[in-house]
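Visitor: Please show me the model. I would like to go through a few local features, one at a time.

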Amino acid sequence: MIANQLTKKDSKLSMAHMWVAFISLLIGGLMGLLQTLVRTGKFTLPFGIDYYQILTVHGVILALVLTTFFIIGFQFSLMSKTVGMSNKERAWAWIAFWVMVVGTIAAATMILLGKASVLYTFYAPLAAHPIFYIGLTLVIVGTWIACFVNFHQLYAWKKANKGAKSPLLAFMVVINMLIWFISTIGVAATVLIQFIPWSLGIVDDINILLSRTLFWYFGHPLVYFWLLPAYMAWYGIIPKIIGGKIFSDGLARLAFILFLLFSIPVGFHHQLLEPGIDPFWKYIQVVLTFAVAIPSLLTAFSMFATFETAGRAKGFTTLFGWFKALPWKDVRFFAPMIGMIAFIPAGAGGLVNASNQLNLVVHNTIWVTGHFHLTLATTVILTFFGISYWLVPVLTGRTLDEKTNRLGIIQTIVWAVGMFFMSGSMHIAGLLGAPRRSAFSEYNGSEQVTEWIGYQYGQAIGGTILFIGIIIMIYTFIYMTFFAPKGVEEFPIAETAEGAEPTPMIFENWRLWIGIAVVLIAFAYTIPFIDIIQNSPPGSPTFKGLIGNS
């Protein structure tokens with residue numbers, strides 16, 4: 001049962017997050033376009049701007065700023081809608097927002113000044129200005145405040161509704177913020193204990209392997225922090241839009257609990273080629289990585305069961321006739337559905353990356369970048385766009401009119417075509433050995449480079465089409481905010497199907513699931529961490545001018 005309607009104060013809070021997200025989309029997208037043009041070898045950046053400077057802006061502002069602000073703004077709207085938000089919680093939510101904004105401005109300023117061209121992974125021994133790391137710290141602190149606001153919202157609801165099952169979307173938000181909180185402890189530790197003292201000159205060197213391990217302790221769960229809000233929309237919103245019901249509340253909760261258990265102790269599959277980590281522990285984390293595929297397969301089953309059930313309820317009786325019943329002309333469904341379809345090859349590519357032998361072929365090639373764009377920039381972002389088409393009108397007191405719907409359909413097609421060219425070219429070039437992260441180079445006339453150049457043109461064509469998609473999206477966002485007809489737009493939250501099995505109350509046992517997650521993390525990381533700390537080679541001094549113009 002839905003507990004509350006969104007108040008104007010709650011709407012204003014979520015809308016503030018949306019503004020930061022869409023401004024980030026414009027800036028980060030422009031940087032992405034410039035990168036693809038530079039990699040053709042036919043375009044030079046003006047005004048002394050360095051390739052690695054725009055590469056860092058692109059990665060940080062899209063992968064970290066856009067996603068984090070959109071997700072937290074969306075989740076605040078879900079929590080306000082399902083369990084409500086008190087004045088005190090809202091005040092803390094605004095504090096979280098402004099701490100994140102201040103941190104973002106601090107880090108972005110250093111990147112734009114060329115003092116932090118360290119890419120979004122900020123691998124040591126590349127060293128940025130200390131303000132860059134302090135800015136990142138503030139962003140993390142802001143998100144932690146948001147975490148505890150969400151935790152308290154559900155706690156207060158359960159206290160007022162003793163013995164009742166929590167609303168599904170609120171349950172999902174809390175799982176996602178638990179994953180975020182637990183995983184960001186790793187990146188906070190490396191930034192506070194290692195990077196900031198090192199960049200300030202308080203200590204002389206840094207343990208590189210330890211810093212990378214702590215980064216990837218956070219870096220892979222980050223992927224699920226992006227993905228789970230898309231799953232929230234697929235499980236809890238899409239059934240309502242297509243005129244159906246949630247296939248199984250219990251199955252949805254089980255999938256999210258499995259993500260909590262298996263998404264964090266898997267970071268070593270990003271370090272399969274790094275020395276200094278015992279192969280046994282790499283093997284353990286690869287196995288756990290494959291376990292993460294289970295909740296995604298559960299989700300695929302649940303979604304298609306929802307689609308088929310809804311279609312058959314409308315009278316479509318043939319084997320795949322129900323597919324025609326789906327509302328393909330409704331952008332609220334069309335954009336996320338294209339994202340779901342893209343997740344099929346994206347997920348398969350993820351299994352390649354996580355496999356020990358196959359990883360040897362694609363490691364550090366632009367295949368990985370192509371996979372990243374298929375997963376995050378297609379599956380997740382298209383779902384976020386689909387959410388925006390109804391959420392922004394809800395927040396601004398306007399309606400999703402025919403013009404918005406038409407623009408959304410066009411934007412989704414443009415985005416899918418652009419990503420087909422860009423991500424497809426990246427995947428093929430990666431298999432041919434083209435490196436990731438690097439600016440254009442002829443590598444002293446190497447013959448192998450001639451195999452890549454055609455696909456680098458393909459990336460530029462795709463990047464250009466994608467930027468057109470961004471312009472359409474920004475225009476639509478502004479139209480939905482200021483010019484769409486005023487009215488009341490539905491906040492579409494689905495109900496569970498009448499015949500679904502009851503949800504086991506053990507899913508509400510937070511101590512149990514958090515405890516198992518902690519045990520798994522301790523099992524996967526304790527011995528490797530001790531080994532890394534005790535047996536690491538000498539640390540590294542700072543390298544501030546290795547790439548970029550810092």
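Guide: Here, buried means under 20% relative accessible area, and exposed means over 50%. The model is a predicted one.

Visitor: Is aspartate 401 buried or exposed?

Guide: Aspartate 401 sits in the loop between helix H13 (366-396) and helix H14 (402-431). Its relative accessible area is 16%. The cut-off for the lower class is under 20%. Therefore aspartate 401 is buried.

Visitor: Which residues does aspartate 401 touch, leaving out those up to four places away in sequence?

Guide: Contact requires heavy atoms within 4.5 Å. With residues up to four places away in sequence not counted, aspartate 401 touches Tyr479 and Pro485.

Visitor: What separates the C-alpha atoms of aspartate 401 and glutamate 489?

Guide: Along the chain, the two residues are 88 residues apart. In space, the separation of their C-alpha atoms is 9.8 Å.

Visitor: Is phenylalanine 483 buried or exposed?

Guide: Phenylalanine 483 belongs to helix H15. Phe483 also helps make a nonpolar surface patch of about 710 Å², with Trp19 and Ile471 among the other members. Its relative accessible area is 58%, and the upper class starts over 50%, so phenylalanine 483 is exposed.

Visitor: Which helices each supply at least two residues of the nonpolar patch?

Guide: The patch includes Ile23, Leu26, Ile478 and Phe482. The helices that each supply at least two of its residues are H1 (8-38) and H15 (449-483).

Visitor: Which residue caps the N-terminal end of H9?

Guide: Helix H9 covers residues 279-291. A side-chain oxygen lies 2.8 Å from the backbone nitrogen of phenylalanine 280. That oxygen belongs to the cap, aspartate 278.

How values were computed: Residues numbered from 1 in each chain as written. Predicted model: local features only at pLDDT ≥ 70, side-chain atom pairs only at ≥ 80, totals over all residues. Heavy atoms only, no water. Helix = DSSP H or I, 4+ residues; strand = E, 2+ residues; numbered from the N terminus. Expected span 1.5 Å × (residues − 1). Polar contact = N/O pair within 3.5 Å; in protein donor to acceptor, adjacent residues only side chain to side chain. Patch = residues over 30% accessible without salt bridge, like charges linked within 9 Å, V, L, I, M, F, W, Y side chains within 5 Å. Areas by Shrake-Rupley, 256 points an atom, 1.4 Å probe, with all protein chains shown as cover. Salt bridge = Lys/Arg side-chain N within 4 Å of Asp/Glu carboxyl O. Buried < 20%, exposed > 50% of the residue type's maximum accessible area, 1.4 Å probe, protein only.
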